[in-house]
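Biologist: Hi, have you got a few minutes to go through this model with me? I'd like to ask some quick questions as we look.
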Amino acid sequence: MAEAVKPQGCTNLKLRQLSRAVTRHYDAYVAPIGLKNTQYSLLSHVVVLGPLRPGELAARMKLDPSTLTRNLHPLVAAGWVELGPGEDARSRLVSATEAGRAKRAEAQKAWKQAQMALNARLGEARVVALHALIDDCLLALDPLETEDE
């Protein structure tokens, strides 16, 4: 009987290395437009989902609220996103400005080029398998899913 294959090395380290490599790849495409990939992602979420409360945006993006706040600052400073009044005096709403919508539209073209280049470099079958594996792992690690067990 063949021996079972056991994981080697640190999964966290390997995932972080992969994440940094993918980040560098996407950044190379969106940097000429004046964005980092994290800013593009955040701007896209605000355009698609907004206006919405910062806490709701953080939850939808699976971000810590303090990380979201820190990442919103450059987008607000650039005039692409604004924080406006919410339903009451204590709440705020995040929304994209017209300049932000235009910036996202410009960046979408570069993002698509980055995705197509990544697909070509890794192979589409590998990318599909990677997405499926990531989705399965995220589901298995979701605290709401594991609480019910």
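Biologist: Let's start simple: how many disulfides does the structure hold?

Modeller: Zero. Keep in mind that this is a predicted model.

Biologist: Why is there no bond for C10, then?

Modeller: Because the closest cysteine sulfur, in C137, is 14 Å from the sulfur of C10, too far for a bond. A disulfide would need the two sulfur atoms within 2.5 Å.

Biologist: Is C10 buried or exposed?

Modeller: In between: C10 is partly exposed, with a relative accessible area of 41%. C137 is partly exposed as well, at 38%.

Biologist: OK, changing topic to the helices. How many residues are in α5, and how far does it reach?

Modeller: Helix α5 has 25 residues, 98-122. From first C-alpha to last it spans 36 Å, close to the 36 Å expected at 1.5 Å a residue.

Biologist: And where is the kink in α5 centred?

Modeller: On Q108, with an angle of about 25°.

Biologist: Which residues of α5 are buried?

Modeller: G100, K103, R104, A107, A110, A114, L118 and N119. So you'll find a lysine and an arginine in that list, along with alanines.

Biologist: What covers them?

Modeller: The cover for the buried residues of α5 includes α1 (11-30), α2 (37-49) and α6 (124-141).

Biologist: What happens just after α5?

Modeller: G123 follows, and this glycine takes a positive phi of about 95°.

Biologist: Let's move to the largest nonpolar core. Which members touch the most others?

Modeller: L42, V46, L57 and V81, out of 21 residues in that core. Two or more residues come from each of α2, α3 (54-61), α4 (65-77), β2 (92-96) and α5. The top contributor is α2, which gives five residues.

Biologist: Is there a general reason why nonpolar side chains end up buried together?

Modeller: It's a common pattern: in soluble globular proteins, nonpolar side chains tend to be buried together.

Biologist: Back to V46: what does it touch?

Modeller: Leaving out residues up to four places away in sequence, V46 is in contact with L57, V81, V94, S95 and A96.

Biologist: Last topic, the strands. How many bridges join β1 to β2, and do they run parallel or antiparallel?

Modeller: Five bridges join them, and β1 (residues 81-85) runs antiparallel to β2. The two strands form a hairpin, with six residues between them.

Biologist: What stands opposite E82?

Modeller: S95, in β2. That serine is also one of the residues V46 touches.

Definitions and conventions. Residues numbered from 1 in each chain as written. Predicted model: local features only at pLDDT ≥ 70, side-chain atom pairs only at ≥ 80, totals over all residues. Heavy atoms only, no water. Helix = DSSP H or I, 4+ residues; strand = E, 2+ residues; numbered from the N terminus. Expected span 1.5 Å × (residues − 1). Bend = angle between axes of the 7 residues up to and from the residue. Buried < 20%, exposed > 50% of the residue type's maximum accessible area, 1.4 Å probe, protein only. Contact = heavy atoms within 4.5 Å. Core = buried A, V, L, I, M, F, W, Y, C linked by side-chain atoms within 4.5 Å. Pairing = 2+ DSSP bridges.
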